[in-house]
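Student: Hi, could you walk me through a model I've just loaded? I'd like to go piece by piece.

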Amino acid sequence: MRIRTHDIAGWIFAFSEPMTATARPGVRTFLRRLLFAVLIGALAAGLYWPTLTMPAEFARPLQWIAGALIALALVHVAGVLWQRLRIARDNDRLVIRSNSLWPSRREYALSALRGMNIIEEEVRSSRKSGYRFLGWRWRVVIHLDDERIEFLCDARGRLAGSTACPERVAQFAQHLQRITGLPCPPPQRVEWGAGRAAAVRTGRTLSIPLEPQYRSETYQSLEEMPPDVRRFAEERLARMRAEGATTAEFQQFTVRDGEGRVQTYRSLDEMPPELRQRFEAARRQSRKPRE
């Protein structure tokens with residue numbers, strides 16, 4: 001399975017539009033990169049200094065390497081000025097645009113999304129250092145058939161593991177739910193347990209589907225509709241008139257899980273395929289004549 005990771009830990013989130021989420025580097029990210037640039041500059045100085053007493057044929061390659069290291073470090077630090085991650089919904093597609101050294105844009109059909117969840121992961125070092133505890137990190141994951149999109153939203157120290165999901169992570173996940181229409185179960189914790197030879201990872205990444213409940217409501221006019229349904233209907237009517245259509249049907253589907261969480265879809269096309277199949281099966285069953 002292909003995994004695409006967007007590291008936005010320490011970035012600043014913005015949710016200025018209902019169907020758009022943006023992230024940009026913050027002060028913490030700038031300071032980390034500046035420290036990295038200083039270390040690279042020290043390494044470049046260590047390469048350049050001996051070349052002052054070397055013959056030109058030996059000194060020139062090392063000087064080129066030192067100059068390239070400094071240039072890369074400066075670009076890495078300056079990247080905070082233009083780096084952005086934008087997640088938006090465009091009709092029936094999820095669009096993820098990343099402005100980095102090499103800008104990229106990826107689109108996914110909403111019907112291709114299979115699930116979403118939050119992973120709270122315990123981080124430890126390598127076996128050589130005895131799997132020393134390093135802290136916790138939180139990822140919001142969107143699942144597809146052959147791909148997984150991971151957003152590394154936060155990373156904290158020892159005390160973070162005993163607290164609830166960080167507010168910035170919960171807010172980001174909630175907004176992704178609004179954009180994608182996907183349900184999101186409570187965070188899945190992945191910890192390390194004691195094994196025979198050394199520490200081993202425990203826990204599983206789960207994407208929990210919701211069972212549909214079929215219910216229909218009929219409104220005789222726009223005035224009878226709830227405000228959010230009415231806004232959606234008015235938008236559809238405006239597009240219908242622009243296209244020359246004379247009739248339109250408006251639907252809203254509500255899915256509730258065993259813990260009472262509710263997810264609303266404006267059409268069957270917004271539902272994940274597996275959920276849509278169960279919903280259609282439940283509706284067909286409810287329409288069968290009773291013997």
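Tutor: Happy to; we can talk about a helix, some strands, the cysteines and the salt bridges. Keep in mind that this is a predicted model.

Student: Thanks! How many residues does helix 2 have, and how far does it reach?

Tutor: Helix 2 covers residues 56-78, which is 23 residues. From its first C-alpha to its last it reaches 32 Å, close to the 33 Å expected at 1.5 Å a residue.

Student: Which residues of helix 2 are buried?

Tutor: Ala59, Ala66, Ala73 and Val77 are buried there. In general, an α-helix has 3.6 residues a turn, so residues three or four places apart point the same way.

Student: And what do the buried residues of helix 2 pack against?

Tutor: Their packing partner is helix 1, residues 27-48.

Student: Switching to strands. What joins strand 3 to strand 4?

Tutor: There are 4 bridges between strand 3 (residues 20-25) and strand 4 (residues 84-90), and the two run antiparallel. If you want a pair to click on, Ala23 has Leu85 in strand 4 as its bridge partner.

Student: How many bridges join strand 4 to strand 5?

Tutor: That pairing has 7 bridges, and it is antiparallel too, with strand 5 spanning residues 93-99. One pair to look at is Ile87 with its bridge partner Ile96 in strand 5.

Student: How many residues sit between strand 4 and strand 5 in the hairpin?

Tutor: Just 2 residues. Asn91 is in that turn, and its phi is positive, at about 55 degrees.

Student: New topic, cysteines. How many disulfides does the structure hold?

Tutor: The count is 0.

Student: Why is Cys153 not in a bond with the closest cysteine sulfur?

Tutor: Distance. The closest cysteine sulfur to that of Cys153 belongs to Cys165, and at 8.6 Å it is too far for a bond. The cut-off for a disulfide is 2.5 Å between the sulfur atoms. Cys165 is in no disulfide either, as its nearest cysteine sulfur, in Cys184, is 8.5 Å away.

Student: Is Cys153 buried or exposed?

Tutor: Cys153 is buried, at 0% relative accessibility. Cys165, at 22%, counts as partly exposed.

Student: Okay, charges next. How many salt bridges are there?

Tutor: The structure holds 11 salt bridges. One of them pairs the side chains of Asp145 and Arg114, at 2.8 Å from N to O.

Student: Where do Asp145 and Arg114 lie?

Tutor: Both are in loops: Asp145 between strand 8 (133-143) and strand 9 (147-156), Arg114 between strand 6 (104-109) and strand 7 (115-124). The pair therefore ties together parts that are 31 residues apart in sequence. Asp145 is exposed, with a relative accessible area of 54%, while Arg114 is partly exposed at 27%.

Student: What about Glu150, is it buried or exposed?

Tutor: Glu150 is buried, with a relative accessible area of 5%. Its side chain meets that of Arg148 in a salt bridge of 2.9 Å, N to O, and Arg148 is partly exposed at 21%.

Student: And which side chain does Asp154 meet in a salt bridge?

Tutor: That of Arg156, at 2.9 Å from N to O. Asp154 is buried at 3% relative accessibility, whereas Arg156 is partly exposed at 40%.

Student: Last one: which residues do shared salt-bridge partners join into one network?

Tutor: Glu121, Arg137, Arg139, Arg148 and Glu150. The Glu150 and Arg148 pair we just discussed belongs to that network.

How values were computed: Residues are numbered from 1 along each chain as its sequence is written. This is a predicted model: local features need pLDDT of at least 70, side-chain atom pairs count only at pLDDT 80 or more; totals for chains, interfaces and linings use all residues. Side-chain values use heavy atoms; hydrogens and water are left out. The expected span of a helix is 1.5 Å times one less than its number of residues. Buried means under 20% relative accessible area, exposed over 50%, partly exposed in between (1.4 Å probe, protein chains only). Contact means heavy atoms within 4.5 Å. Two strands pair if DSSP finds at least two bridges between them. A salt bridge is a side-chain nitrogen of Lys or Arg within 4 Å of a carboxyl oxygen of Asp or Glu.
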